[in-house]
Structure formats: structure tokens, C-alpha cells
Amino acid sequence: MNKIIPLLDLKKEYRPLKDKILKRVEKIFDEMRLYLGENVQQFEREFAEYCGVNYAVGVGSGTEAIHLALYAASVKPGDEVITVSHTFIATVSPIVLVGAKPVFVDIDLQTYLMDTSQIESKISDKTKAILPVHLYGQACDMDEILSIAKKYNLKVIEDCAQSHGAKYKNKNTGTFGDLSAFSFVFTKNLKAYGDAGIVITNNKNMYEYLKQFRDIGRASKYEHSIWGLNCRLDEVQAAILRVKLPYIDEWTNKRRENAKYYTEKLKGIPLVTPLEKANNKHVYHQYVIKTESRDKIQKYLKEKGIETGIHYPIPVHLQNAARNLGYHSGDLPVTEEVSKKILSIPVYPELEINEKEYIVETIRRFFRR
Ligand SMILES: *Cc1c(COP(=O)(O)O)cnc(C)c1O
């Protein structure tokens, strides 16, 4: 194969939807209704219904969604929020920015998700919330997290940036916590063509608060009842998301088919394929293999035209930004070990069978050398 297989192919997703998307966007431009218009309002309703919650508030990005969820949960300076270091830094940055302290628990070596058995030992009288991340598209152990949260009266905020449509025991991720944050940046399973995000909740007070907060505290055009920021979901991005939402389950099924293919075909070679937990619907935002020879295999695949990614090579607690949090190398051994061995291979829905075969064959050839 002499073409390049990218980690994600946006053009392939766009082509069949092009006419529909451009028609919706053209209508917005013809009417020039650009401020929290029909598309934002409808998308909020449609996405809330898709997840199975009462309310959704569209915002500008997944990072903003987490930031706003923390405000709505009244996380204040000096509070502590329990989360993971094995995640995209946007999970953690908003915790620091509201003045709270992120307290990291390590991850499970098999699922790469929050090791819930470590949560209780990290709870102090300052702990305000638990912020689990459904990383790669697989749900955390929500029964365990909810029972700890109840016992200690903590808020739960789910980071669903990678888990659109993923289920835990037949319920969508995002429906367990007090608030949940999704991203629709153009690399996620549901993609805008730019930045977009949403907060979902069943709590009416939090919903009303967030609707005002994301619109600089606006109660009406010239009346502002709270301090807020401008984090509005863009009308054009909302229109694009409305075209795509009906396809999300079909795309997820294709991701799952691709994952199943890899897991079967990669048996018997010295690498670890993803563990899919029982009673869960994994949506494979990433298909992550683990191997001692990660850097070598990544280089080899690149030479053979296969793009891969590492999610993520530097744990949050070891980032320069995190220096003042007081963590050191060795504090989160599983997180640190995993970050050196993981590799994400292409799993996007439009991947073709000959491409999958080529990827599997190339990985097998690497280990035969
Ligand atoms: C992408 C992502 C975010 C942030 O979303 P943006 O839309 O890029 O701001 C947060 N958390 C996780 C786990 C993510 O993957």
C-alpha cells in the first residue's frame, strides 16, 4: 500500500454529508441569526435526549464544559477534586483555574481508567468532587464512584469528551454524575468543524445557572444577574452537529467492528490489546495497544505509511504546568508506566477492510523481524 493511512480521516466523513451540511450553514448565513439561535437550542434538546438527561447547555469547547461544570458544582478555591493524571490536560486545567487542587489517583493497569479502589484514601475534609474520565470511550466504574460520592457527600463530574454514546450497564455515560462535560472538537467521535462542547445535567438550578454563565451572566439583553464568561456554542457549529448526531450510533458500531477485528487478528503477538469490560459499551474513541517496543513500532508503522498517536505520552502530574502541585516522578507508577507503552492505531469508522488488513499485517511483520 503506498498511500498514507491517517489516524483520522476527516474528509471521508465529510464527503457524504457535504450537501446537507452546506445547506444548513447557508440557511444561517442567509438569515444571519447568529446568536444562540434555533440550531443551538435544538441541538441542546436533541443531545440531551440522545444521552437521556433533562438539560444541556452548549458551550465553546470541552475544556469550557469542564470549567463551567466546576463552577456549577460550586468548586471553590481551596477545595480538592479527585481525578486522574492519565488524561488530556484539559481535564485538569480548569480545576486549577477555579482555584481548587487536583488530587490524582492512579489508573487500573488493564483498563487505563481511574482505579476506584484508591479514591477513598485520597479523600480529605477539603474534597469537593470526583471527576472521572471515560478515557478512550470506555466507562469508569460508576457504581463504585457514585457510592463513594454518596458516602462522603461529594459532587461527581464526568469527563465524557471521548465517550459519546458509551454505556455503563445500559445507561449512557454522562447520565451518572451531577454534571457531565462533552467535547465536539473535530477529532472526537462527534465532530464539529472547529471547537464546541456541552454540559449536561438533570439539575434544573445548575442548568439555569449555566445558561446564564455561558452568556456572561445574562438574565435578559441588558440585565446580568451573575458574573459569567462568554462560552456560547456557535450557531454554525451547532448546525453541523445537528446534521451529524443521527449518525453517531452507526459510526460507533463501525468503530466497534474495527476494534473487534484488530483484537482478533492481533492475538498471539507480544502486545496487549484493549480490555473491553463486561456490561459496557466501549465506543473506541481510540484503539490503544500496549507494548514494550512502543517507540520502535511507532517509527516502523510511520515508515510503512501508518499514522499512530500516543494518548498521552506525558502524564499531567509530570507536565511543567503542574510543577506547583507537588507531584514527582514515581508518584503514580501505573500512569507513568502506561504512558511509555501505549500506542493508538487508526480506528475511525471509514477505515476500509484492506487498510485494516494492511495495519494488522504490518504490525505482525514488525514482530517477526
Ligand atoms: C478533548 C478532551 C477534552 C477537551 O475538549 P476540547 O474541546 O478540546 O476543549 C477534555 N478531556 C478529554 C479527556 C479530552 O479528550
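Me: Why is α10 called oblique to α12?

Reply: In this predicted model, helix α10 (residues 294-303) and helix α12 (residues 353-368) pack at an angle of about 125°, and their axes are 10 Å apart. Angles under 35 degrees count as roughly parallel, over 145 as roughly antiparallel, 65 to 115 as roughly perpendicular and the rest as oblique. About 125° falls in "the rest", so α10 is oblique to α12. The axes are lines fitted to C-alpha atoms over the stretch in contact, with angles running from 0 to 180 degrees between N-to-C directions. Helices here are DSSP runs (H or I, at least four residues), numbered from the N terminus.

Me: What makes the ligand's pair with T63 a polar contact?

Reply: A polar contact is a pair of N or O atoms within 3.5 Å. An oxygen atom of the ligand sits 2.5 Å from an N or O atom in the T63 side chain, so the pair fits that definition. D159 fits too: an N or O atom of its side chain is 2.8 Å from a ligand nitrogen atom.

Me: How do you know how much of the ligand the protein buries?

Reply: Taken alone, the ligand exposes 380 Å², and the protein buries 93% of that. Those areas come from the Shrake-Rupley method with a 1.4 Å probe.

Me: Which helix gives the most to the shell around the ligand?

Reply: That's helix α4 (residues 62-72), with three residues.

Me: How are the residues numbered, and which atoms and pLDDT values count?

Reply: Numbering starts from 1 along each chain as its sequence is written, and side-chain values use heavy atoms, leaving out hydrogens and water. Local features need pLDDT of at least 70, side-chain atom pairs count only at pLDDT 80 or more, and totals for chains, interfaces and linings use all residues.

Note on methods: Polar contact = N/O pair within 3.5 Å; in protein donor to acceptor, adjacent residues only side chain to side chain. Helix = DSSP H or I, 4+ residues; strand = E, 2+ residues; numbered from the N terminus.
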